[in-house]
Amino acid sequence: MRILSRARVTPSAWQRRPGPAHSKASAVSRRRRRIAAIENIGVVCVLLKLPKPLTKYFWMNTNDARIEVPGMIEYSNLNPLPAHVLYVPYYMPKSHPKWSWDSAWFIDEAKRYVKMVQPSWDERTLLATHASRYEFAQTVCSPGFFDALPPMRTSVKGFAIADTSYYYPEDRSISESIRVGKRLVEELVGPESRARYP
Ligand SMILES: Cc1cc2nc3c(=O)[nH]c(=O)nc-3n(C[C@H](O)[C@H](O)[C@H](O)COP(=O)(O)OP(=O)(O)OC[C@H]3O[C@@H](n4cnc5c(N)ncnc54)[C@H](O)[C@@H]3O)c2cc1C
C-alpha cells in the first residue's frame, strides 16, 4: 500500500497539490473513509436476572450446533451482585437474518438454551430479562488492518478518537481499554503523563 502511494507521488502530482484549505478538507475526508472502512460485527446481548446462580461458573463456552451462541456468561459468579446476572451474547454480522429479530425472540431462544444447559432450571423464577443491541461490538481485523487504522490524534486540537479497534492485536477487554486510555493521554499530554498516570 505504501509503495503504491509513493509511486503515485510524481513531480506533476506535487505540482497539482491543493492549497492548505483543500489539504485539510481532503485529510478529513481521507480520515472519514478510513474510519468508515473499519468493519464491525454486532451483538445482541440477552441478560437474565436470576434469584440464584445457574452454575458455579463465570464463563461457559458452547460448542453445540443446536446452540447458536458462543457461550453463556454468569457475570455475578465473577463479580458478586445482589442478584445473579447471566448474559447470552449473540455475535453476528448485521447482514445476518437474525439481526432483524425482535428482542423478545432472542430472549425466548436464550431461555431455551439455558434450559438445555440446565434442565432443572425453572423459567418462572426469572426476575427480569433484557436484550441490548450494539452494532460495533467486535472489530473485524482483516490483513493490513493495523496500517489502515487512522491515528488516534485528529487534526482538531485536543480531540482524539479511541475505541476497541485500537486494542489490536489484543482482544477486547477492560485491561486493554485502560492501556489504550493511557496511550491516548500520553499522545495528548506527552510522556510526562506517565509520571502522573503510571
Ligand atoms: C458483549 C461484550 C462482552 C464483553 N465482555 C468482556 C469481558 O468479559 N471482559 C472484558 O474485560 N471486556 C469485555 N468486553 C470489552 C469491554 O466491554 C470493552 O473493552 C470496554 O468496555 C471498553 O471501555 P471504554 O471505556 O473504552 O468504552 P465503553 O465501555 O463502551 O464506554 C463508552 C461510554 O461512552 C458513552 N458514550 C458514547 N457516546 C457518547 C456521547 N456522545 N456522549 C456521552 N457519552 C457517550 C457510552 O454510553 C459508554 O458508557 C466486552 C464487550 C462486549 C461488547
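Me: In what order do the 5 strands of the open sheet lie?
Reply: This is a predicted model, in which local features need pLDDT of at least 70 and side-chain atom pairs count only at pLDDT 80 or more, while totals for chains, interfaces and linings use all residues. Residues are numbered from 1 along each chain as its sequence is written. Strands (E, at least two residues) and helices (H or I, at least four) are DSSP runs numbered from the N terminus, and two strands pair if DSSP finds at least two bridges between them. The pairing in this open sheet is antiparallel, and the order of its strands is 2-3-4-1-5.

Me: Which strands stand at the edges of the sheet?
Reply: An edge strand here has a single partner strand, so one side of it is left without a neighbour in the sheet. The two that stand in this position are strand 2 (59–61) and strand 5 (128–139).

Me: How many bridges join strand 1 to strand 5?
Reply: One of the pairs places Val44 opposite Arg133 in strand 5, and another makes Thr139 in strand 5 the bridge partner of Asn40. The two strands run antiparallel, and the number of bridges that join them is 9.

Me: Which residue of strand 4 stands opposite Val46?
Reply: Strand 1 and strand 4 also pair in the antiparallel sense, over 9 bridges. Within strand 4, the residue that stands opposite Val46 is Val88.

Me: At about what angle to strand 1 does helix 4 run?
Reply: Angles run from 0 to 180 degrees between N-to-C directions, with axes fitted as lines to C-alpha atoms, for helices over the stretch in contact. Helix 4 lies across strand 1, strand 3 (71–74), strand 4 and strand 5, and its angle to strand 1 is about 65°.

Me: Which element gives the most residues to the largest nonpolar core?
Reply: A nonpolar core is a set of buried Ala, Val, Leu, Ile, Met, Phe, Trp, Tyr and Cys residues joined through C-beta atoms within 7 Å, where buried means that 20 or more other C-beta atoms lie within 10 Å of a residue's own, exposed means 12 or fewer, and partly exposed lies in between, with C-beta atoms placed from the backbone. The largest such core has 12 residues, among them Val44, Val46, Val88, Tyr90 and Phe106. Two or more residues each come from strand 1 (40–50), strand 4 (84–92) and helix 4 (103–117). The element that gives the most, with 4 residues, is strand 4.

Me: Which residues does Val44 touch, not counting those up to four places away in sequence?
Reply: Contact requires that the C-beta atoms of two residues, placed from the backbone, lie within 7 Å. With residues up to four places away in sequence not counted, Val44 touches Tyr90, Phe106, Ala131 and Arg133.

Me: Is Arg153 buried or partly exposed?
Reply: Arg153 has its place in the loop between helix 5 (145–148) and helix 6 (174–189), and, leaving aside neighbours within four places in sequence, Arg153 is in contact with Ala160 and Glu187. Because 14 other C-beta atoms lie within 10 Å, Arg153 is partly exposed.

Me: Which element gives the most residues to the shell around the ligand?
Reply: The residues that surround the ligand, each with its C-beta atom, placed from the backbone, within 6 Å of it, include Val43, Cys45, Tyr134, Arg172 and Glu176. At least two residues of this shell are supplied by each of strand 1, strand 5 and helix 6. The element that gives the most, with 3 residues, is helix 6.
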